[in-house]
Each structure stands twice: as C-alpha cells, then as structure tokens.
Amino acid sequence: MAADGTLVVWDEALLGYDMGDHPLDPVRVELTIALARSLGVLDRSGVELVAPKPADAAALTRVHRPDYVEAVRAAPDDPFFSGWGLNTPDNPVFDRMHDAGALVCGATLAAAEAVWHGHATRAVNVAGGLHHAMPARAAGFCVYNDPAVAIARLLDLGAERIAYIDIDVHHGDGVQAIFYDDPRVLTVSLHETPLALFPGTGFPEETGGKKAEGSAVNIAFPPGTGDAGWLRAFHAVVPSVLRAFRPQLLVTQCGADSHRLDPLADLRLSVDGQRAAHLALRALADELCEGRWVATGGGGYALVEVVPRTWTHLLATATGEPIAPATLTPLDWRALARSRRPDHEVPLRMTDDADVSFAPWQPEGEPDAVDRAIMATRKAVFPLLGLDPHDPRD
C-alpha cells in the first residue's frame, strides 16, 4: 500500500475477546466495523484492511512475565483457578482467553510495525486499547496490554521517543506503570479523577520514575466534566508536552467511555467532543510525527448508542476526511444494531448536536474545578520538561 495510506487491522476473530455477560461486550466492535463499512470509510482510497496474527510468546513476554502468560493459558481448564487478577468479576476466565488476548496484541503490533516501517502513515485497531493489564496481573477487563506490547516492539525496532496518549475515562495505569522508568516513552492520560473512579491512580504528581522524570503526564478531571472543560484541558497540556518531548510516533488509546451515556463513569462528553479529540490527535501527529499515528480503541460501554459512532469517527479521521456530524446512520446499520441489541436506543445521526467550542485556558481569573486540574498537572510536570506552568504560550 502507499506509504501515506492507512492500515485498518480487522478480522471477525477479534470478536473472540468475549467475557460473556460482561460490560466489555464485543458487539460494540462488531457494530463499529459495520457502521464504518456502511458509511464507506473502509472503502476509501489508500485504506488497506489486514487480518492480524496472534502475538507470539516473545512479544508478550517483552511486557508480561512468562509465568503470567502460562497462567492465562492454563486458567480456562481449571474451574477453581484463582490468582493473577483472573477469575474475578472484572476479569472472568473464558475459553481460549490466551488466544483471544494474543490476537488483540497481534493486531496492535501489526498496526505499529506498519507505521514504523513506513508501509502506512496511520494504523488503527479498534479492538485494542486494553491498557489496564499489568506485567503479572489482569485488571480492568484487560488480560494482555496490547498498547504496551506494541510500544515495546517499537523500542526494540529502534524508536527513541514514543508518545502514548490515553483519552479513556479511566487512567492508563498499565501502560504508565510498564514504562514509568523509561525516558523514551511519554505517557499522557486524561481521565476522571482517581478519587472517584477505578483504578485509583493517575494523580498529577505521578510524573515518571527517577530516571524518567517528566515522562508521565496525568490530567484528572472532576466528575461531570463536559466537552468544553475537557477540550480546554487537552489543549492546555497535551500539545505543550508533546512539543517538548518531540515524539517520532503517536500511539493513542481512544476509549469512548468519557461519554455522558456511559454507565461506568461520570464524565459528560458528547460524540462530537470525542470526534474533536480525534481531530486534535491527528493534527498533533501531522505536526510532530510526519503523520505517524497508531490508534486503538479501549473502554466504552454504551454499546449501541455511543461506541460505534465514536470509533467510526476515529476511523474516518485516521483514513481521510472526517464524517460530517449531521450524517445519518445508514438504515442497514440501524437494522443490524436493533437485531443485536433490541433493548438499546439506536442513534439516527452521527452527532449529539453538541457545541464543542471552548475558551482557551488562561492562568488569570477565578479558576473552576477543571482549571484547577489543569494547573495541578502543569505545576507537577511542566518544569520537568523545561516549560513554564503559568505561561499560556507553553
């Protein structure tokens, strides 16, 4: 494919990451791909769909302990299995769990390798983004940490500066922990405050290990933050830290659970605000990385109402022209969505009719709760990157 094209890594086998009666329902991924296909996003010029291969043991154990990988393999055969964060309500054991997790990792690996080797400028795995998994523990619906596996591969291929941006409503704790002492990886997470939400980490004071100070950036939003506050904070922090770090490639986790309809969290973004975030990420990749951008999915539990629209906007942003917000959802997609989840409301348009304008951050005046969150992050990490926390130009 052309080097300026986009790779979309997809195969129906990725729907095998299925925990049963559980919030992380693969129907959200199925409906995303169906919506993107019905709107013609996957048929655009320069777009190539490829099926992934499972990540092998060498790739997985670059991040995860070998004994943990063996435990994941063994767990489905033992009805009394316990330990390693598995066989819990968040991470129930399911048949072929290792194979399903390895395939998700393989998909994100394929995306990262294609971009690094110049086979594509951008690449997307909407089934990925399992950012909570730790080296020896499943957590937060995540068995293997596919963004971390892909970042480790990029480092092994010679990357010197990788920026990971996580816009899921939950802190990207696994990726941060895995690279906390590695100055080659900048992790930036925008999430609901850990005082109110799992996993209880992601405070502004978490700024990287002793050998990598300034390599972790955390914006912790108060519950109820909407589009205007979220976007103000993003633009008050993320462009500055990325420009200081000068990444060669962007890896992003684009969880859709910051939406106001999400049942597991309490931010108040719209599909339009999430679309604006994707556009901002693409613009930063274009400005700083010659467009090189690896995007994954992540959380998102409004399975019909939100996730398919938000991630179709992500796919459109990565593959070319953004979808106009007022675009109607196709009739065939609505029928599929109703057949899959007849108890859910099927959206008729690709928008929530939200105003995504925002006032840029300024250090003067009476700060609101979001402004205080912005300043906490800027004070904690900006000096470590040679930036002035009080100067809005930084």
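Let's start with the largest cavity, which has a volume of about 110 Å³. Please keep in mind throughout that this is a predicted model. Which residues line this largest cavity? From the earlier part of the chain we have Leu14, Leu15, Tyr17, Leu24, Asp25, Pro26, Arg28 and Val29, and they are joined by Val104, Ala127 and Leu130. If you sort that lining by class, you get nine nonpolar residues, two charged ones and no polar ones. You can pick out the charged pair on your screens: they are Asp25 and Arg28.

How many cavities of 30 Å³ or more does the structure hold? The count is three, and I'd like to show you one more of them. The second largest cavity has a volume of about 70 Å³. Its lining is made up of 15 residues, and those nearest the centre are Gly140, Cys142, Gly298, Gly299 and Tyr301. Here the classes come out as eight polar, five nonpolar and two charged. Glycine is counted among the polar residues in that tally, so Gly140, Gly298 and Gly299 fall on the polar side.

Hold on to Cys142 for a moment, since it brings us to the cysteines. A search of the whole structure turns up zero disulfides. For Cys142, the nearest cysteine sulfur belongs to Cys105 and is 10 Å away. To count as a disulfide here, two cysteine sulfurs have to be within 2.5 Å, so Cys142 is in no disulfide. Cys254 is in no disulfide either, and for this residue the nearest cysteine sulfur, that of Cys289, is 14 Å away.

Are these two cysteines buried or exposed? Cys142 has a relative accessible area of 3%, and because the cut-off for buried is under 20%, Cys142 is buried. Cys254 is at 0% relative accessibility, so Cys254 counts as buried too.

Now let's move to the sheet. It is an open sheet of eight strands with parallel pairing, and if you walk across it the order is β2-β1-β3-β8-β7-β4-β5-β6. Which strands sit at the edges? They are β2, residues 47-50, and β6, residues 216-221, and each of them pairs on one side only. From one strand to the next, the twist averages 15°.

Let's finish at the β6 edge. Strand β5 covers residues 185-192 and runs parallel to β6, with six bridges joining the two. If you'd like a spot to zoom in on, try Glu192, which stands opposite Phe221 in β6.

Key: Residues are numbered from 1 along each chain as its sequence is written. This is a predicted model: local features need pLDDT of at least 70, side-chain atom pairs count only at pLDDT 80 or more; totals for chains, interfaces and linings use all residues. Side-chain values use heavy atoms; hydrogens and water are left out. On a 1 Å grid over the protein atoms alone, a cavity is a set of points where a 1.4 Å probe fits but cannot get out, and a pocket is an open set with protein on both sides within 12 Å along at least five of seven lines; lining residues have an atom within 4 Å of a point. Grid points are joined across faces, edges and corners, and a volume is the space filled by probe spheres set on the points. Two strands pair if DSSP finds at least two bridges between them. Helices (H or I, at least four residues) and strands (E, at least two) are DSSP runs, numbered from the N terminus. Axes are lines fitted to C-alpha atoms, for helices over the stretch in contact, and angles run from 0 to 180 degrees between N-to-C directions. Buried means under 20% relative accessible area, exposed over 50%, partly exposed in between (1.4 Å probe, protein chains only).
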